[in-house]
Amino acid sequence: MNNNDLPSISALPKGENSWRIDWFGDLAFPNRSIRRTQPSLFLHLSRVLDGNFRDDPSILLSPDSTTPAKFQRKAWVSVGTLPLLRIGDIWRDGRLEARPNYQLESFADLRIDDTTVHLIKAGLNLDDKGFLLPLSEHPWHMQCTHSYCVMVELPENRRLIIPCIELIRFYFGSSSSLVTKLFLPPLERKALYCNPKFDKATGRLVLELAEQISGASAADIGRLHLDPVAWRAAVHIGTSALKASLVNQHVYPQAFFPFEGNTTLIAAGKWLSFGEQPQATFIVYNLRSCSHHFPYRSLRYESKDNIRGPVQDGQSELTHSAKRRHQSARDSRDQHLVEQDASNGLAPKIKQIRFEPRFPDLKKKTVWKNQSLSSPDASQSFLGTAARPVKQAAIGELGSERRIRPVDLAVLSRPESDQQRPVPAFLRDAVKELMQLQGLHIELLTKSEEDGWTIPVTILSNEDGEIDLGLCVVENTGNLRLRRTAVFALTRDQKHVSAVFIESSPMHMKLYPTTGDDPEEVWRTLECAAGEFVCRRESESANVAELIDSVFDLKHQHTIHPNDG
């Protein structure tokens with residue numbers, strides 16, 4: 001992860017000193033005159049005294065590595081910024097400087113349920129036998145002893161302690177738009193998604209994200225829909241905060257795991273003693289990985305959000321004509337996040353950030369959506385002069401007349417090496433031909449996080465469960481993998497056709513009459529295409545542009561329809 005890609009946070013200390021995020025304090029609206037649309041968290045930071053931490057991060061385990069906790073710097077930071085913030089991270093001049101591992105531990109086969117997980121306060125003295133977080137070893141939470149944590153029982157009378165805000169960040173911090181909703185009760189499903197359809201036999205989930213909900217949170221929202229434990233955990237965040245505010249207490253949000261069952265957790269933190277027992281308590285600074293499975297096999301979602309995101313490599317030539325008519329003020333290179341409400345008059349944008357994958361289970365599952373590539377009026381141009389660059393940005397809903405860009409942070413769980421991948425080689429020529437067509441609305445139906453264009457070809461198996469090896473290719477390593485496939489919806493007037501491309505040499509391509517009205521239709525189309533590929537491997541003989549042009553001129557007749565079963 002390149003730290004320079006992350007936005008600067010104006011609320012954090014300025015200057016050349018390095019500051020460590022120590023803990024998350026209470027939740028409040030500190031200044032409603034400039035920030036009304038979402039609450040903020042009270043961040044506690046300490047100045048790092050030993051600059052050698054850059055070469056030897058273990059230095060940071062010592063309380064002497066920072067200024068005394070009683071001299072902590074505090075800053076109010078919007079809850080929508082939470083995807084960027086982790087306990088233990090080092091910031092300098094408002095920018096992320098380092099993400100040390102501290103002590104990186106793996107806790108295998110943990111049982112997560114109400115018998116093994118307990119809600120506690122950070123300052124708990126357990127059975128009057130001693131503090132779980134002794135100040136002599138961990139002074140950084142001393143001003144937040146009433147904040148909540150979850151305690152997970154470990155073998156040999158040991159325990160794992162996770163601050164509730166960190167639990168929220170890890171499991172729900174996939175986007176600013178999702179995490180903000182959790183802190184603004186009451187949480188309603190329609191604020192996140194609608195029209196869900198789940199096929200228990202195939203494990204396929206389809207849903208529509210609500211307006212202004214980022215696609216980066218689709219996987220998390222899929223779990224919220226299918227797992228009642230996850231939904232209760234999400235609702236509890238806001239209701240616990242509301243309950244505290246109604247009795248005029250400091251608001252320390254509570255949180256629980258969004259599932260019950262077994263998991264392996266990987267976390268960075270520090271081992272602490274308890275009484276005479278060394279390494280009895282592991283305090284988690286930040287979670288890195290959770291192996292618990294998601295309750296679906298594949299997820300296809302549609303997004304109503306029209307927030308503009310960054311152009312990916314390989315897409316700029318495809319979407320340039322469509323973007324010309326949306327000329328707007330560009331963002332300054334040194335744009336920073338401010339703690340104010342965003343402008344009512346500036347177009348919202350997405351700021352993508354890439355961290356290590358959090359959930360190994362999602363590597364085995366496909367999460368994908370539609371993306372419009374061109375439309376008949378895409379050639380229209382916008383006449384006007386671009387305004388001066390926008391130097392400030394803010395998370396959250398619009399609410400001011402200040403010149404502040406509204407942004408949504410979207411966390412992509414992909415390795416850095418997979419950033420901004422171009423059109424896959426087998427598909428590149430076909431995409432170029434598609435984009436030369438005039439007068440069509442072209443929509444990619446298989447935009448995935450894996451490569452931005454394709455998904456694995458639909459698995460077909462016989463009654464014994466054996467997969468046809470014709471759907472696989474042999475990699476250079478000798479391993480088999482499923483072929484990749486892409487589907488494009490082509491529309492003009494009332495005519496709708498789907499073009500399917502399957503990775504092979506030469507590339508396999510077929511056209512299917514479709515309606516575009518049924519969410520299940522794309523799966524039937526994929527199954528039909530995979531079946532034809534295995535049985536006959538016949539492909540359309542004409543080039544892509546000529547074939548599609550003939551279809552929309554009604555010169556081409558096709559007898560196979562995916563809706564015919």
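This is a short walk through the structure above, from its cores to a few local details.

Okay, hi everyone. One thing up front: what we're looking at is a predicted model. Residue numbers count from 1 along the chain as its sequence is written.

Let's start inside. The largest nonpolar core has 105 residues, and the ones with the most contacts inside it are Leu 160, Tyr 171 and Phe 257. Take Tyr 171 as an example. Setting aside residues up to four places away in sequence, Tyr 171 touches Phe 257, Pro 258, Phe 259, Leu 265, Leu 287, Cys 290 and Phe 359, and also Asp 220, Arg 223 and Arg 358. Apart from that core lies another one, of 26 residues, and Leu 427, Met 435, Ala 499 and Leu 547 are among them.

Next door to Leu 547 in the numbering is Ile 548, which sits in helix α8, residues 544–552. Is Ile 548 buried or exposed? Its relative accessibility is 1%, so Ile 548 counts as buried, the limit being under 20%. And who does Ile 548 meet? Leaving out neighbours within four places in sequence, Ile 548 is in contact with five leucines: Leu 434, Leu 437, Leu 440, Leu 490 and Leu 511. Ala 499 and Ile 548 are 49 residues apart along the chain, yet their C-alpha atoms are separated by 8.7 Å.

Now back to Tyr 171, which is one of the buried residues of α1. Helix α1 runs over residues 164–172, and nine of its nine residues are buried, so the helix is largely enclosed by the rest of the structure. You might expect a row of greasy side chains, and there are some, including Ile 165, Leu 167 and Phe 170, but Glu 166 and Arg 169 are on the buried list too.

What does that helix lie against? Let me bring in the sheet first. Six strands make an open sheet, in the order β7-β13-β14-β10-β9-β8, with mixed pairing. At the edges are β7, residues 103–112, and β8, residues 117–121, each pairing on one side only. On average, neighbouring strands here are turned by 40 degrees against each other, ignoring direction. In general, strands of a sheet pair through backbone hydrogen bonds, either parallel or antiparallel. For β8 and β9, the pairing is antiparallel, over five bridges, with β9 covering residues 148–154. If you want a spot to click on, His 118 stands opposite Met 151 in β9. And here's α1 again: it packs on this sheet, touching β8, β9, β10, β13 and β14, and its direction makes about 30 degrees with that of β14.

Two strands in that sheet carry something odd. As background, most residues other than glycine have a negative phi, and most peptide bonds are trans. Asp 109, in strand β7, has a positive phi, near 50 degrees. Asp 109 is exposed, at a relative accessible area of 55%. Then there's Gln 279 in strand β14, also not a glycine, with a positive phi of about 45 degrees. Gln 279 counts as partly exposed, at 44% relative accessibility.

On the peptide-bond side, the bond from Pro 185 to Pro 186 is cis, with omega near 0 degrees. Pro 186 is in the loop between α2 and β11. The bond from Ser 505 to Pro 506 is cis as well, with omega near -5 degrees, and Pro 506 lies in the loop between β28 and β29.

One more loop residue I like is Gln 38, between β2 and β3. At 0% relative accessibility, Gln 38 counts as buried. So what does its polar side chain reach? It reaches the backbone nitrogen of Gly 80 at 2.7 Å. A polar atom of the Gln 38 side chain also lies 3.1 Å from the backbone oxygen of Ile 395. Beyond its close sequence neighbours, the contacts of Gln 38 include Phe 29, Ser 78, Val 79 and Thr 180.

Last stop, a helix pair. Helix α3, residues 218–226, packs against helix α4, residues 228–246, at an angle of about 110 degrees, with the axes 5 Å apart. That makes the two helices, α3 and α4, roughly perpendicular. From α3, the contact uses Arg 223, Leu 224 and Leu 226, while α4 brings in Pro 228, Ala 230, Trp 231 and Ala 234. Arg 223 also turned up earlier, as one of the residues Tyr 171 touches.

That's my tour, thanks!

Conventions. Predicted model: local features only at pLDDT ≥ 70, side-chain atom pairs only at ≥ 80, totals over all residues. Heavy atoms only, no water. Core = buried A, V, L, I, M, F, W, Y, C linked by side-chain atoms within 4.5 Å. Buried < 20%, exposed > 50% of the residue type's maximum accessible area, 1.4 Å probe, protein only. Contact = heavy atoms within 4.5 Å. Helix = DSSP H or I, 4+ residues; strand = E, 2+ residues; numbered from the N terminus. Pairing = 2+ DSSP bridges. Axes fitted to C-alpha atoms, helices over the stretch in contact; angles between N-to-C directions. Polar contact = N/O pair within 3.5 Å; in protein donor to acceptor, adjacent residues only side chain to side chain. Parallel < 35°, antiparallel > 145°, perpendicular 65-115°, else oblique.
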